[in-house]
Structures are given as structure tokens and as C-alpha cells.
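Dear colleague,

Please find below the structure that I am handing over to you, followed by a summary of the findings. I would be grateful if you would read the two side by side.

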Amino acid sequence: MSIPVQLRDSVRLLGAGGLLNGFAFESRAGGARRALLKNGTELEVFDLDELFTGERAPSVVFPMPWPGWDWGVHSVSPDGTFAVFSGQREVRAVAADGRTLWQYRHGCWDQEIGHPHTGDEQQVCRGSEHGSCRVSDDGRLVWAHVVDPETEYDELWVVLDARDGRELARLPLDSVTSGSHHLSHPDGVHMALDIGMGQDGILLYWGRWDGEKLTTWDLNETMDRILMDVHQEHAGFLTVEHYGQDMTLHALDGTVLAEGEPPEAEEDEDPTCWDWSCGFVDADTVIGSTTEYDDEGGDPRHWLLDARTLEIRGLLAYPDGPVDGFARPLGDGTWLTYDESTSTLHRWSLAAPPAAS
């Protein structure tokens, strides 16, 4: 079944491809959605709703702390007054005027044992391994994935006080990370950490901090799954199997609620698999992508699924034919695509049904 879609808005925005194929997208409980885009030595923050209503300037701009450090997943406070950067050897909170608010030092993400640190102790070393951080939706906490400063090798998940960077709790991790990202649940309580370890798989944790105790769920005994999305009307979360074999809806404790198999391949095509771009269009529907469904690529394919059963409803049909790349759902009935050739961000929705005659 083919499902027609309509273009809602378009805006030219350099570097916005990171919204779809990176970690430049940050959403908040209550509907706030932002683009966090690196531009030279600055992090530009755009409110997506304002962007599509004509405001082309970033809502706030933060100076990047470390020249030469291009990794890490960063976060901006809900009120936009400060950003928290995940560096190679520290987590740093920075005000919009460039003032350092606090620093949390940790071990180096460069996994080369015994490599020298010379000159400035925050000098960037070779290597691309990185952690991530996330400001909680109430702005009071910073959750961060770091290297243990004592062992310089073991990894930790820490909870920091957003006011001063003081460590409140830590969880030792059994990971050797390539990279990670956080995702806060719209319930305002739970935070997730997704750790990629290359061919060694994926680790996924959920946690909450009640002011006195850190409680965590380790979901890795039987899982090798990439955390994809959450929605305020779903208590759980959405994942894709490491190699795209299925898409799964879970309860918060990891219990499987529904599984969605990738669409069957057409004749003479390689078997299809989900790629890692999927999420909630709204409470009732999920968008999934088989953009790279064979070894040679091919036309992008975006599919609409039932959000509670993950049954495929149909293939999305764009007005001018297939679009390039992934889709980024916004949870409000719309989703984004990005045209790299024109640096244009497009916002889509399902086409309105024809008027009754």
C-alpha cells in the first residue's frame, strides 16, 4: 500500500544533516525540539518550531570549549541558559557568554594504553572514542558517560548536579565504547544510555535518580539493540536490532510489547533490513527506513507502521518521488528529511484525505 505525504515547510539550514544521521537533535518533555549544530568553533542552537515559522537566527550560540575535539554528544539546558559539553577528558558546563560554569574531570577517551599527555592537560589526543551527556528535562541534573579518572580505562555512568558539576552517583559499566548517546523519557524521571561498541554490539541502560539513590536497569543480557525513540504517550521505548533484523517496542523494564519485521524484498533484491533511523511520528504511528536496503544502496524507502503493533501500514509516497536519506520523526505528526545538495530541511506530514464530494 502506498501512503501519500505532503510537504509542510522547507528551510535552508547548513549542516542540518546531523539531525537525521547524527546526534544534533534534542527533544524535551512538553514538545520543545532543537537542532544543536556545530559551526566552526561554536554550537548553534535552533528552535525547530521557530525555524519553520521564519526565525532563521539561532536562539543561542555557545563557544565550543576544546579546539580540535570533534567528538562527544552535547546537551543544552531546557531554558537555554547553559550547555554541557562531553569532552575527551572532562565534562564542561558553559554559559552563552562563554564563561565556564564548572568542570568534571575524567579519564581520557583515547583507548591507547599509556599514551602521553603533554602540554595543556586538556590537550586533544588522537582517537575517536567518545562519551555523551544530557541535561535532565527539569534542568537539575546532568547524566554523563565518562572514563573512570582513577583507572583511566574503566567506564562510568555518572549523575552530576547541574549547578556545580558535583558527582551525586555513579554506575560502573562493562563497556569498551566507540561512542554513546543519552535519551530522556518524557515522564521527566527516567534517562537512558545507549553505548555502541562497534562489532562487539550495543549496551542499553535505563536509570533514575530520586535525590538519594540511583536505580538502574541493565537490559543487556538478552539484547543487542539500538535505542531509537520515546513518546510521551508510550511508557516504554523503541529499538532496532543491531543489524536491522527487527524493530521492537518495549516496556520500560525491557519487556517486548511488539515486534516489526522489515518489509519483504522485491524479486531479485537482497533481503531488506531496518536501518537505524526510525521513531514515533505521533502516538499512533512509527516511521521506519530501509534507505540502505542492499549493498549498493538504492532509492530510499520510508515506511509507516502502527505504533502499538509495529505492523507495516504502507510505503510513504513523496510528491516528487523518493527523497534522499533518513527521516527524523518529531512526535507531533510530522517528520524531517534533508537534501544535502541544497542544504534544505523539509518537514512532512501525511497528506490530507480528499474532501467529500
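**Surroundings of M197**

M197 lies in the loop that runs between β15 (191-196) and β16 (202-209). Please note that this is a predicted model. Is M197 buried or exposed? Its relative accessibility is 13%, and because buried means under 20%, M197 counts as buried.

Which residues does M197 touch, once its neighbours within four places in sequence are left aside? The contacts are S175, V176, T177, S178 and L203. L203 belongs to the span of β16 (202-209). As for W69, the C-alpha atoms of M197 and W69 are 20 Å apart in space, with the two positions 128 residues apart in sequence numbering.

**The protein chain as a whole**

The protein chain contains two helices and 28 strands. Its radius of gyration is 20 Å, which agrees with the value near 21 Å that a compact globule of 357 residues would have. The C-alpha trace spans about 70 × 45 × 40 Å along its principal axes.

Of the 357 residues, 55% count as buried. When contacts between residues at least 6 apart in sequence are considered, 47% of them join residues at least 24 apart.

With regard to the surface, the protein chain exposes about 16,500 Å², and carbon and sulfur atoms supply 46% of that area. The protein chain carries 25 positive and 64 negative charges, and the mean positions of these two sets are 9 Å apart.

With kind regards

Notes. Residues numbered from 1 in each chain as written. Predicted model: local features only at pLDDT ≥ 70, side-chain atom pairs only at ≥ 80, totals over all residues. Heavy atoms only, no water. Helix = DSSP H or I, 4+ residues; strand = E, 2+ residues; numbered from the N terminus. Rg over C-alpha atoms; globule rule 2.2 N^0.38 Å. Buried < 20%, exposed > 50% of the residue type's maximum accessible area, 1.4 Å probe, protein only. Contact = heavy atoms within 4.5 Å. Areas by Shrake-Rupley, 256 points an atom, 1.4 Å probe, with all protein chains shown as cover. Lys, Arg positive; Asp, Glu negative; His and termini not counted. Charge placed at Lys NZ, Arg CZ, Asp CG, Glu CD.
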